[in-house]
Amino acid sequence: MDKKRDFSHQPLNGGSQEQENQSWRKEANDRILQHRQRELVINVTNDEKKPVAGIEVEIKQIRHEFAFGSAMNDQVLLNKTYADFFVKYFNWAVFENEAKWYANEPERGKITYEKADAMLQFADRHQLPVRGHALFWEVEDANPSWLRSLPNHEVYEAMKRRLEHAGNHFKGRFRHWDVNNEMMHGSFFKDRFGKNIWKWMYEETKKIDPQALLFVNDYNVISYGEHHAYKAHINELRQLGAPVEAIGVQGHFGDRVDPVIVKERLDVLAELGLPIWVTEYDSVHPDANRRADNLEALYRVAFSHPAVKGVLMWGFWAGAHWRGEHAAIVNYDWSLNEAGKRYENLLKEWTTQRIEKTDASGKVACPAFHGTYEVRIGQQSKMLKQQTIELDSNEQTPLQLNVIVPAE
């Protein structure tokens, strides 16, 4: 994310108002039922292997497989309300600036990870996976000021130190790495060393941290229509031999998110066969109702798309949002505005919470969203069994959970 980018003249994001109808919503909801749920079957028997009818089964989703995340900044260390909100509403994190080169080495040779480490400790305490953003950044003015004035051979030596130092420091701690941010919109390293420097960045990152998923990350892709150029760019990187493993699309929107056009753009990128993450979502509009409609359009389409694995907002609170209060889902006083309420309602819609009674064959069956569940079996307010299970998307067949309770 480039703080200096100007969205003030960004045109409407495609399509006519007629497209904003119920057909896209129904199609998205049908895809959600198909791609984001799996049948859960709970069979309750007693220790004599006889089915137990009429017993209460509570199915409670405690975590989503899909990433509903956000960028966080150092407010998470300073502001308890910010920290509590983050934990309540998000299950993934990415640092807004604290793992970037200019933050880690503001002066040449003076390396610090103090804030990033403190934020990682916060994330670990709350079981929040974290994306690494970003090891390098191709946009010239996003690099440390001291780096930009060096001769090429010293730039290369500094890159090697950055890779080795930051790569090893964060090894195993970030699930993802944005290896070289915004290569379609910058040429700082390419101008000095040619495109093969990109291959080198990816290969060396993979050697240092083989468990991290290596991303490309860029803007104007789903918001402005550079999706075909992005697809060609990713193909070029792969042809160079760069181990690109996932696609980040930023999704910084202006006045309107058109769900039909966003889906078409995601479809084009999905042809590459790589997982897609919306890594930086926001939209700016003074009317929070419009922001709410934009948020729902983006999230419903993204959640319905089988190639998309997560959506991360680029901030949420009016008091600490890079695009100001008109991009936030939470007001200065921490009340949810209409966009925040819409987000909360979507999370509820896509979370499975049910209490059922077993049928004559001792069974409860229902479709459930992928994720982690607590299943409780009880009778007359008495808990008999409790179990935690993973309902993941790797299997299409129903998950059968067999529970034995004491015979009466």
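Which strand does Ala134 lie in? Ala134 belongs to strand β5, which spans residues 130–137. The views below all come from a predicted model.

**View 1. A cis peptide bond joins His133 and Ala134.**
Look at the bond between these two residues. Its omega is about -5°. Ala134 is part of β5. Gln127 sits in the loop between α5 (114–125) and β5. Gln127 is not a glycine, yet its phi is positive, at about 55°.

**View 2. Four strands, β12-β2-β14-β15, make an open sheet.**
The pairing here is antiparallel. From one strand to the next, the twist averages 20°. Two strands stand at the edges: β12 (353–357) and β15 (382–391). Each has a single partner strand, so one side of each has no neighbour in the sheet. Strand β2 covers residues 56–64 and is joined to β12 by five bridges. These two strands run antiparallel. To trace one bridge, start at Val57 and find its partner in β12, Glu356.

**View 3. Three strands, β13-β1-β16, make an open sheet with mixed pairing.**
The twist averages 25° from one strand to the next. At the edges are β13 (363–369) and β16 (399–405). Each of them has a single partner strand, so one of its sides is left without a neighbour in the sheet. Seven bridges link β1 (residues 37–46) with β16. β1 and β16 run parallel. One bridge to look for pairs Asn46 with Val405 of β16. Strands of a sheet pair through backbone hydrogen bonds, in either a parallel or an antiparallel way.

**View 4. Helix α10 (residues 227–240) packs with helix α11 (residues 259–270).**
Two packed helices are described by the angle between their axes and the distance between the axes. For α10 and α11, the axes come within 9 Å. They cross at roughly 15°. The two helices are therefore roughly parallel to each other. Their crossing is right-handed. On the α10 side, the contact is made by His227, His228, Tyr230 and Lys231. On the α11 side, Arg265, Val268 and Leu269 take part. By class, this contact has three nonpolar, two polar and two charged residues.

**View 5. Helix α11 packs with helix α12 (residues 288–304).**
The angle between α11 and α12 is about 35°. Their axes are 9 Å apart. The crossing of α11 with α12 is right-handed. From α11, the contact uses Pro259, Val262, Lys263 and Leu266. From α12 come Ala297, Leu298 and Val301. How many of the contact residues are nonpolar, polar and charged? Six are nonpolar, none is polar and one is charged.

**View 6. Helix α12 packs with helix α13 (residues 338–349).**
The axes of α12 and α13 are 7 Å apart, at an angle of about 30°. That makes α12 roughly parallel to α13. The crossing of α12 and α13 is right-handed. α12 supplies Ala288, Asn289, Arg291, Ala292, Asp293, Leu295, Glu296, Tyr299 and Arg300 to the contact. α13 supplies Glu338, Ala339, Arg342, Tyr343, Leu346 and Glu349. The contact of α12 with α13 divides into seven nonpolar, one polar and seven charged residues.

**View 7. Residues 1–19 have pLDDT under 50.**
Where pLDDT is low, the predicted coordinates should not be read in detail. For residues 1–19, the model has 53 contacts beyond four places in sequence. Now turn to the protein as a whole. Its pLDDT averages 94. At least 70 is the score of 95% of the residues.

Definitions and conventions
Residues are numbered from 1 along each chain as its sequence is written. This is a predicted model: local features need pLDDT of at least 70, side-chain atom pairs count only at pLDDT 80 or more; totals for chains, interfaces and linings use all residues. Side-chain values use heavy atoms; hydrogens and water are left out. Axes are lines fitted to C-alpha atoms, for helices over the stretch in contact, and angles run from 0 to 180 degrees between N-to-C directions. Angles under 35 degrees count as roughly parallel, over 145 as roughly antiparallel, 65 to 115 as roughly perpendicular and the rest as oblique. A crossing is left-handed if the near helix is turned anticlockwise from the far one by less than a right angle, and right-handed if clockwise. Contact means heavy atoms within 4.5 Å. Ala, Val, Leu, Ile, Met, Phe, Trp, Tyr, Cys and Pro count as nonpolar, Asp, Glu, Lys and Arg as charged, and the others, Gly among them, as polar. pLDDT is the predictor's confidence in each residue, from 0 to 100. Two strands pair if DSSP finds at least two bridges between them.
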